[in-house]
Amino acid sequence: MMEKTYLGVDLGGTKLLVGEMTEKGEILSSRQYPSGPLPQKEALDLICQSLEDYLKTGRPHDAPPPAALGVGLVGRIDSETGRWLEIEPGRDVELNAAEVLREKFHLPCFLDNDVRSAAKAELLFGNNSQNMIYLNVGTGVAAGFVVHGKLLRGGHSNAGEVGHTTSGIAMRAPCVCGRPDCVESVASGSGLDKCARILVSQYPGTKLKIPEEGRVSAKDIFALYGQDPLCTLLTDHAAQALANLIMNLVRFADPEWVVLGGGVLTDGFLYPKILERLSSHTVRFVKDNIVLTHLDPAKIGLMGACSNAILGLKTQ
Ligand SMILES: [Zn+2]
């Protein structure tokens, strides 16, 4: 008998990934579709079209139907009811996304936001810890808290927005949330760009390219570390902000593991700089357990989407 499989959709900022995974976390196949900054309704239409295409042409015709469909989405998602509450603050068209997908594809369907989905992949296929924080540093900064084996959702499906806590770095960098100097404003991909633009006038000789359109690349900043004073400062600020955040979260939730992921961290450059800024007393219970994710950064989103389906079926 063929192993049970789970269908997953990972909707990111620039691409949409559809694929299928076994219960052991093996991705059997996947296909990428272009996406972009779409309104919610259009994004849901794109998910439907991509799934139709994948089911018709992306999997063997004799394969048994998948056991369930899981989706990882940006924004605020009520994973209990499967409603997509908003794609970003202020753009709130509430959609019964799980119901739409269930009726269209005749599969049980489970949704969650992208970071909580990745935390579920860590829970199932990473270190398996029942008390863990998965901290994602990419365009933004957010975390999935696994507490006694359960993902913390909160009263408004908004738990884990830890990027919007103060970084301890006095930059006077404004944040979309209204507070200055949030961790996200200093240490995320968008925050590094923001801080580079704030500081560049003080560093007229910098070698860092500041594009008129698009974002300053975190990779370019890290590559100039130690050679270019602006890039060195931006990197040190980001490492300190993330170290401060990790220490706060460790004190707050007392996890067994802190797993780090996301595009700003997975190349490993910032990681040792963060570790050296951690107070050994503050992280004493968890000092050997603050690690970069072992899951493939290119697949963790899709694995997370499929993990929504695995855990969703189990708790139904
Ligand atoms: Zn903020």
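The following paragraphs lead from the division of the chain into domains, through the sheet of domain 1 and its helices, to the contact between the domains. The structure is a predicted model.

The protein chain falls into two domains. Domain 1 is made of residues 5–124 + 298–315, whereas domain 2 covers 128–292. Taken over C-alpha atoms, the centres of domain 1 and domain 2 lie 26 Å apart.

A useful place to begin is the sheet. Five strands form an open sheet in the order β3-β2-β1-β4-β7, and their pairing is mixed. At the edges stand β3 (27–34) and β7 (109–113), each of which pairs on one side only. From one strand to the next, the twist averages 15 degrees. The pairing of β2 (residues 15–22) with β3 can be followed in detail: the two strands run antiparallel and are joined by seven bridges. Within this pairing, Leu 16 has Tyr 33 of β3 as its bridge partner.

Two helices may be considered next. Helix α1 (residues 40–58) lies across four strands, namely β1 (5–11), β2, β3 and β4 (68–73). The direction of α1 is at about 45 degrees to β2. Helix α2 (residues 97–105) packs on the sheet as well, where it touches β4 and β7. Between the directions of α2 and β7 the angle is about 145 degrees.

The contact between the domains involves 14 residues from domain 1 and 16 residues from domain 2. On the side of domain 1 that touches domain 2, the elements giving two or more residues are β5 (76–78) and α3 (114–125). Of these, α3 gives the most, with seven residues. By character, the residues on this side of domain 1 comprise seven nonpolar, two polar and five charged.

Helix α3 therefore merits separate attention, since eleven of its twelve residues are buried and the helix is largely enclosed by the rest of the structure. A residue is counted as buried here if 20 or more other C-beta atoms lie within 10 Å of its own. The buried residues of α3 include the charged Asp 114, Arg 116, Lys 120 and Glu 122. Also buried in α3 are Val 115, Ser 117, Ala 118, Ala 119, Ala 121, Leu 123 and Phe 125. In its geometry, α3 reaches 16 Å from its first C-alpha to its last, close to the 16 Å expected at 1.5 Å a residue. Helix α3 thus appears both as a largely enclosed element and as the element that gives the most to the side of domain 1 touching domain 2.

Key
Residues are numbered from 1 along each chain as its sequence is written. This is a predicted model: local features need pLDDT of at least 70, side-chain atom pairs count only at pLDDT 80 or more; totals for chains, interfaces and linings use all residues. Domain bounds come from an automatic or database domain assignment. Two residues are in contact if their C-beta atoms, placed from the backbone, lie within 7 Å. The expected span of a helix is 1.5 Å times one less than its number of residues. Two strands pair if DSSP finds at least two bridges between them. Axes are lines fitted to C-alpha atoms, for helices over the stretch in contact, and angles run from 0 to 180 degrees between N-to-C directions.
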